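Please examine the following structure together with its sequence. The explanation below takes up a pair of strand contacts, then a helix, and finally a patch on the surface.

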Amino acid sequence: MSTRIAFLKGHGTENDFVIVPDPENVIDLPPAAAAALCDRRAGIGGDGLLHVVRSAAHPEARDMAAEAEWFMDYRNGDGSVAEMCGNGVRVFARYLQRAGYVTEGDLAVATRGGVKTVHIAKSMPGSGSATGDITVGMGRALLPGGDVVVSVDGRSWPARNVNMGNPHAVAFVADLAHAGDLYSPPPYEPVTAYPDGVNVEFVADRGPRHVAMRVHERGSGETRSCGTGACAVAVATARRDGADPTVTGTPATYTVDVPGGTLVITERPDGEIEMTGPAVIVAEGEFDAGWLEGVLA
């Protein structure tokens, strides 16, 4: 008899994810399995996979269990492990709310990038569903030194090196079309700047403290949104604009348009970065474990 495994599908500003609830960490999801589930033609389809596990049940998260009951075991679309995913955290929290594990308000989520604080806003009256925006405390940005240059189709731009628990190269361009198709990772120099690869954001101005971006996500290609990327963009733009909340004592808030919607990023005077945006669960169902075993055979 085949085993049926539950899954859900959700997105945050159209950065979409396959969600596999597995509180006790009993489902084996090697990289090839995660990639098969994220395959848009032969699988369920998604930019990444959210494996929902209790922190105490996962060897990489047990030391965070006292702070956060739940661990977001996140995988990129190619099956590789990632430290963090800002849109993924919001969708992860929305799933926990939908499943009845948490309610509106504050919670903590363990990730490979550390414990993240999350706030689920109240739903709009009469909505009949969980629709309130979700705010994630994304931690502080690190700004490693050194010059970085990214290139596309013969054009090159200086890029700001920003680390949000995962690496980003932020380049300002006159036109987002200059980023090309973003099917392949944009080349960068020096290659030693990012030994494990990098997420590359291309940014164009839209108005005062308002920018738009496109992104090539490491391991996934171009995606409709990237939460950590939007945070990296906001920080890089603030520094370009001469704004540093840790120096001025004044929060800096930027609106960041992504192809899938809009995120609002605030850097506080203590250096903490908050990201606010939507998270939606669009479907749920089951897949046959036998199918997955066949794919992996």
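**Strand pairing, a covered helix and a surface patch**

In this predicted model, the bridge partner of V118 in strand β7 is V136. That contact belongs to the pairing of strand β6 (residues 114–120) with β7, which runs in the antiparallel sense over four bridges. Strand β7 also pairs with strand β17 (residues 272–277), again in the antiparallel sense, here over six bridges. Within this second pairing, T135 stands opposite T276 of β17. Strand β7 itself, formed by residues 134–140, is mostly covered, with five of its seven residues buried.

Helix α3 comprises the 14 residues 227–240. What span should these residues have at 1.5 Å a residue? The expected value is 20 Å, because the rise is counted over one residue less than the helix contains. The end C-alpha atoms of α3 are 20 Å apart, in agreement with that expectation. Helix α3 is mostly covered as well: 13 of its 14 residues are buried. After the helix comes G242, whose phi is positive, near 85 degrees.

The last region to consider lies at the surface. W291, V295 and L296 make a nonpolar surface patch of about 230 Å². Of these residues, W291 lies in helix α5, which covers residues 289–296. Is W291 buried, partly exposed or exposed? Its relative accessible area is 30%, and W291 is therefore partly exposed, since that class lies between the limits of 20% for buried and 50% for exposed.

Conventions
Residues numbered from 1 in each chain as written. Predicted model: local features only at pLDDT ≥ 70, side-chain atom pairs only at ≥ 80, totals over all residues. Heavy atoms only, no water. Helix = DSSP H or I, 4+ residues; strand = E, 2+ residues; numbered from the N terminus. Buried < 20%, exposed > 50% of the residue type's maximum accessible area, 1.4 Å probe, protein only. Pairing = 2+ DSSP bridges. Patch = residues over 30% accessible without salt bridge, like charges linked within 9 Å, V, L, I, M, F, W, Y side chains within 5 Å. Areas by Shrake-Rupley, 256 points an atom, 1.4 Å probe, with all protein chains shown as cover. Salt bridge = Lys/Arg side-chain N within 4 Å of Asp/Glu carboxyl O.
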